[in-house]
Amino acid sequence: MLLLFVGEGRLLPSGAIREERRGMRGLVRGIQALVLMMVLIATPLLGCAQSSTPDTYRIGVIGSQTGPYSALGLPAIDGGRLVAEQINDAGGIHGREIELIFYDDKGSSTETALAAQRAIDVDKVLAVACVSATGLSHSMIAVVNDNEIPGLIMSGTGLVDDKLGHWAFKPTSSEKDYIPLPLRYLRDDLSLSTCAGLIENSGYGEGGEYFLRQIAGDHGIDMVMFQYFDPGATDLTPQLANINASDAESIFIWGSGPAGALAVKQSREMGITLPIVTTPAQGSPSYVQSFGRYYEMEPSLVCLDSKLTMWEQLPSDDPDREMCREFHQSFKARYGRFPDMWEAIGAQFVMFIADGIERADPDLADAIVARGQLRDAFETTTDLSLFMGTHTMTPDDHYGRVVHKEVLVTFKDGKKVLVKTMED
Amino acid sequence: MEFSTVLQSLLSGLTLGCIYAALGLGLYVVYGVTRVLNLAQGEFVMLGGMITVSLSAFGVPLFPAILLAVAIVSLTGAILYRFIIFPARHASGSTLAFLTVGFAFAVKGLTLLVWGWEYRTLTSFLGSPSIHLWGATIFGQAPWVVGMTILMVAGLYYFFGRTMLGRALRACADEPLGAKTIGISPARMGLLAFVIAAALGAVAGATITPLTMTAYNVGIPLTIKGLLAAFVGGMHRAEGVILGGLLLGLTEALSAGLMPSGYHDAIALSILLVVFLARPRGLLPAHANIED
């Protein structure tokens, strides 16, 4: 039999060589088919890609376009994009447009940090913002401080408020400041004194548990037990059975993904009639659409939310009503749907950046100087009214003083109904 | 520890176990016939759920909607085999597995474009109510999930053991060259295996959606659970996959109910890791044939 040397000194019969070549050709054809399929799918997305021009304020926006937190990231991206378009349509800032460059964190802390680094090194952005889940956004703090670039993080936990460093800012809400609202509701409106925490295993959940343990007692609520669930959990009945067997008079579901919404459904299907309060994610429209009838079962779910989604039910003299109405209607005109809390968060990140750029008028000829100018401007943000709060920052406090605008809502006849505001 | 909590954990584990077993069975069929680890199996499950939800929303009655979903997803399975796996059939097993990962990402991207990112669900089949038993609850959909898994296993045993087509598939799995000699086309049998796996995935997707919800991004986590079930139980035998699925589900549910800490998933996976290290070929290692 004819033997030939091939590759790394292997001896193969000529028939085997033909077989191997045939295999390689087949493999190439398989890969070609796969690449063709992916290109066809990606083509519409590529059409949305931002073009780069040197005369714009380039901002990197990192969010979950895929992965377990995409129900938060994608709406936030839409909200931010709308505000940027509005600013640009009105002539931009100092004659320049804001250019948002979007990156997908894929629900991973590593991907978030890598995306931030790519925005800084490759796309040379002026600032970077992370509109993703709390735990993911924390991975960006070190990146922006190491690279000396202003960075906004969407962290829902107060555990990092004093760890933001010189370059990271947090123009959003910490749970330590809005937890009192649902606790006051349980104590004052329902006359309850005990509660069980059902906590997501995540950075957001960790902060929630920490501050519930710290603060609940001050507001007359005894947290009698904590149970935990994975963000991707599909069955929470064991944890709910534990809560049902405890002395808890109410349940506080703390989560940012679909499992928290499933917990509401499963608790009602189990016949648990304890009042449930939840963090904002459970009020996401897709969950309300899926589980609305469970949300409305008595006692109906009470959920933290923003003034934006409830603007029609705010008193006519509420100072935020007009701002919320305008954004609500613009968003509907642009996307054909109404905005929710995550759209508001994305929008307010861009508003915060725009305010900083307006005051800093950064010198784009020198990126290092421009980034420093913008950082300094962020530190002097004063009484900036955004959708989730009115923010004032100082050089020593990059979370700052926040006048909160969270509200509590419940669900009736397929709609959200305002229950309580921070002012009540 | 309350009795009701233990019972609830056991019921939850049984239901989860059946879900994982159903996921693993799709992997088992493809692997058994073609020796390809199809890492796109979870996408078949996701597509089955999404299509059924959408058709139901358009007013198609539930069971016709499931049948249509099965047909569409089976076609997707055929496309995966004919245009991606078959041309590369002489490549190594790991290369073929990577190709299925690529296909999974393509399906996921396409689903995002078509359906968006929202989570979707279905009501329990035929409005089945929850059953309350000694302080625990059996969700209305849970018996459907258990029944689906039993039917899948029974159907596979009948198909591979009693039908000519099933025997031809087994012949291809056992002795491809010999099967070819007597006129059985390995290419057609490979195609059939992928179509069967896709159909099983679609049925599983439609059946579990009322319990778990579905969205464009649930496929890969589902594949991982199915793989765990198959690896722990033994990839070469259907009963191994069932055993692995039940073990995985029960471990998860019992650790969540009886060990209330933030580490219950880590505890569950550690237990499975120990099992896997002790029996690296699975709890039930291979016999000669797919149906043994």
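1. A good place to start is Ser70(A), which sits in helix α2 (residues 70-89) of chain A. Please keep in mind as you read that this is a predicted model. Ser70(A) is buried, with a relative accessible area of 0%. Leaving aside neighbours within four places in sequence, Ser70(A) is in contact with Ser64(A), Gln65(A) and Pro75(A), and also with Trp117(B), Tyr216(B) and Asn217(B). The C-alpha atoms of Ser70(A) and Gly107(A) are separated by 7.5 Å, with these positions 37 residues apart along the chain.

2. Helix α2 of chain A also carries Glu85(A), whose partner Arg334(A) lies in helix α11 (residues 321-335) of chain A, 249 residues apart in the chain. The two form a salt bridge, and their closest N and O atoms are 2.7 Å apart. Glu85(A) is partly exposed at 24% relative accessibility, and Arg334(A) is also partly exposed, at 36%.

3. Other salt bridges in chain A deserve a look too. Lys307(A) and Asp320(A) meet at 3.0 Å, N to O; both belong to the loop between β12 (302-306) and α11 of chain A, 13 residues apart. Are these two charged side chains buried or exposed? Lys307(A) counts as buried at 3% relative accessibility, and Asp320(A) counts as buried at 6%.

4. The bridge between Asp376(A) and Arg375(A) is listed at 3.0 Å, N to O. Here Asp376(A) is partly exposed, with a relative accessible area of 39%, whereas Arg375(A) is buried at 6%. Elsewhere, Asp78(A), Arg81(A), Arg337(A) and Glu343(A) are joined into one network by salt bridges that share partners. Over all chains the count comes to 27 salt bridges.

5. On to the aromatic residues, where the count over all chains is 17 pairs. Tyr178(A) and Trp254(A) make a stacked pair, 6.4 Å centre to centre with 10° between the planes. This pair links distant parts of the chain: Tyr178(A) is in helix α5 (residues 175-178) of chain A and Trp254(A) is in strand β10 (residues 251-254) of chain A, 76 residues apart. Tyr178(A) is buried at 5% relative accessibility, and Trp254(A) is buried at 0%.

6. Which kind of pair do the rings of Phe252(A) and Trp254(A) form? Their centres are 5.3 Å apart and their planes stand at 40°, so the pair is tilted. Phe252(A) counts as buried, with 0% relative accessibility. Ring pairs link Phe252(A) and Trp254(A) with Tyr178(A) and Tyr204(A) into a cluster.

7. Leu212(A), in helix α7 (residues 203-215) of chain A, touches two members of that cluster, Phe252(A) and Trp254(A), among its contacts beyond four places in sequence. Others on that list include Leu183(A), Ile199(A), Met223(A) and Phe226(A). Leu212(A) is buried at 0% relative accessible area. From Leu212(A) to Ile179(A) the C-alpha distance is 7.4 Å, although they are 33 residues apart in sequence.

8. Why call helix α6 (residues 180-189) of chain A largely enclosed by the rest of the structure? The reason is that 7 of its 10 residues are buried. Arg184(A) is one of them, and so are Leu183(A) and Tyr185(A). Just after α6(A), Ser191(A) takes a positive phi of about 55°.

9. The nonpolar interior is worth viewing across both chains. The largest nonpolar core has 120 residues, and those with the most contacts inside it are Leu198(A), Ile251(A), Tyr295(A) and Leu25(B). A second, separate core of 51 residues includes Val61(A), Phe102(A), Val131(A) and Phe327(A). Returning to Leu198(A), its contacts beyond four places in sequence include Ile251(A), Phe252(A) and Trp254(A), along with Tyr228(A) and Ala263(A).

10. Chain A as a whole has 13 helices and 17 strands, and buried residues make up 60% of its 424 residues. Among its contacts between residues at least 6 apart in sequence, 66% join residues at least 24 apart. Chain A exposes about 16,600 Å², of which carbon and sulfur atoms supply 53%.

11. Finally, a surface feature of chain B: Phe3(B), Ile131(B), Leu133(B) and Trp134(B) form a nonpolar patch with about 460 Å² of accessible area together. Trp134(B) belongs to the loop between β1 (131-133) and β2 (136-138) of chain B, and this residue is exposed at 66% relative accessible area.

Note on methods. Residues numbered from 1 in each chain as written. Chains lettered and ligands numbered in written order. Predicted model: local features only at pLDDT ≥ 70, side-chain atom pairs only at ≥ 80, totals over all residues. Heavy atoms only, no water. Patch = residues over 30% accessible without salt bridge, like charges linked within 9 Å, V, L, I, M, F, W, Y side chains within 5 Å. Areas by Shrake-Rupley, 256 points an atom, 1.4 Å probe, with all protein chains shown as cover. Salt bridge = Lys/Arg side-chain N within 4 Å of Asp/Glu carboxyl O. Helix = DSSP H or I, 4+ residues; strand = E, 2+ residues; numbered from the N terminus. Buried < 20%, exposed > 50% of the residue type's maximum accessible area, 1.4 Å probe, protein only. Core = buried A, V, L, I, M, F, W, Y, C linked by side-chain atoms within 4.5 Å. Contact = heavy atoms within 4.5 Å. Phe/Tyr/Trp six-rings, centres within 6.5 Å; stacked < 30°, edge-to-face > 60°.
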